[in-house]
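I opened my notebook to look up how rings pair up in this structure and where its pockets lie.

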Amino acid sequence: INLNSAFRNTIYFHRGHSKYGADYSYLTNKNKVLMMNGYEGRSKIEHQLKLRWNINRKYMIQADGSMGNKVSVSDYFKNKEFDIQYYETSIKLTYQPNRVFRLAFPFSIGEKQNELKLGNQLSQSYKMGVNAKYNMLNEGSINLSAQGIFLNYNAPANDAIAFEMLEGLLPGQNYTWTINYQRTLLKNLQLSLIYNGRKSEATNIIHVGSMQLRAFF
C-alpha cells in the first residue's frame with residue numbers, strides 16, 4: 001500500500017579541520033503509495049559536493065554543488081508525471097566577528113530540464129541573498145534572511161510540473177524573506193516565532209506567520 005525508502009552515504013575529507021574540509025554525499029529517496037485511481041510514486045537521486053575554507057577567524061567561504069534526477073509517475077494523473085535532470089552550484093561568504101553575530105552572502109545558479117517526451121520544460125535560476133543571525137544572551141536568537149530569485153521558464157507556469165520546476169515561484173523576479181525568533185523557556189521548552197514573506201512580479205505580497213513550541217525530555 002505504501003513504500004518509503006531513503007539512503008544517504010557521505011565521504012568526508014578533513015571533517016573537523018579548523019582551516020578547510022570537503023565532503024561528497026550520495027542520496028536516494030523513493031516513495032510509492034496506492035491511491036483510489038492507482039499508484040503514485042516519486043524518486044530522487046542526488047550527488048552533492050561541499051567545500052569549506054576558513055580564511056581566518058572571521059571569514060569563511062563555502063562552495064556547494066549538486067546534480068541529480070527527480071522522477072514522478074502516476075497511473076491516473078499523467079499531467080503530474082515528470083523526469084527532471086537538474087544541477088545547482090552555490091558559493092557563500094560568511095563573516096562572523098564573534099560568537100554573537102554572523103552575516104552571510106549566498107549566491108547560486110541552477111538549471112532543471114524535463115524529459116523531452118514529457119514536455120521538455122526548462123527552467124534556469126539565479127539566486128542572491130543575505131542571512132544574519134544575532135544571539136542575545138539569555139533571551140534567545142533571531143535569524144533574518146532575504147533573497148532575490150530570477151527565474152527563466154519556457155512553458156506556462158500553471159500546472160504541477162511548473163510548480164516543481166519553479167519551486168512554487170513564478171517566472172521573472174521573485175523575492176523571499178524570513179524572520180525567525182527562537183528562545184528557550186525554562187530548561188526543556190523552546191519557543192519559535194516565524195514570519196515568511198514572498199513577492200513575485202505579477203502577484204501581491206504573501207505573508208505567512210507561525211509559532212512553534214517544543215518540549216524536550
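I looked for aromatic pairs in this predicted model, and I noted that the structure holds 3 of them. In one of these, the ring centres of Tyr59 and Tyr95 are 5.1 Å apart and the planes stand at 35°, so I entered the pair as tilted. Tyr59 belongs to strand β4 and Tyr95 to strand β5, so this pair ties together parts that are 36 residues apart in sequence. I then checked exposure, and found Tyr59 partly exposed with a relative accessible area of 36%, while Tyr95 is partly exposed with 24%.

I turned next to Tyr76 and Phe77, whose ring centres are 4.9 Å apart with planes at 90°, so I wrote this pair down as edge-to-face. Tyr76 is exposed, at a relative accessible area of 52%, whereas Phe77 is partly exposed, at 35%.

I also looked up charges over rings: Lys32 lies over the face of Tyr39, 4.6 Å from the ring centre, and Lys70 lies over the face of Tyr86, 5.5 Å from the ring centre.

Last, I went to the pockets. The largest has a volume of about 300 Å³, and among its 20 lining residues the closest to the centre are Ser90, Pro106, Phe107, Ser108 and Gln147. I sorted that lining into 7 nonpolar, 9 polar and 4 charged residues. The second largest pocket has a volume of about 240 Å³, and of the 19 residues lining it, Glu88, Lys112, Ser125, Lys127 and Glu167 lie nearest its centre. For this second lining I recorded 7 nonpolar, 4 polar and 8 charged residues.

Notes
Residues numbered from 1 in each chain as written. Predicted model: local features only at pLDDT ≥ 70, side-chain atom pairs only at ≥ 80, totals over all residues. Heavy atoms only, no water. 1 Å grid on protein atoms, 1.4 Å probe; cavity = no way out; pocket = protein on both sides within 12 Å on 5 of 7 lines; lining within 4 Å. Points joined across faces, edges and corners; volume = space filled by probe spheres on them. Nonpolar A, V, L, I, M, F, W, Y, C, P; charged D, E, K, R; others polar. Phe/Tyr/Trp six-rings, centres within 6.5 Å; stacked < 30°, edge-to-face > 60°. Helix = DSSP H or I, 4+ residues; strand = E, 2+ residues; numbered from the N terminus. Buried < 20%, exposed > 50% of the residue type's maximum accessible area, 1.4 Å probe, protein only. Lys NZ or Arg CZ within 6 Å of the ring centre and 35° of its normal.
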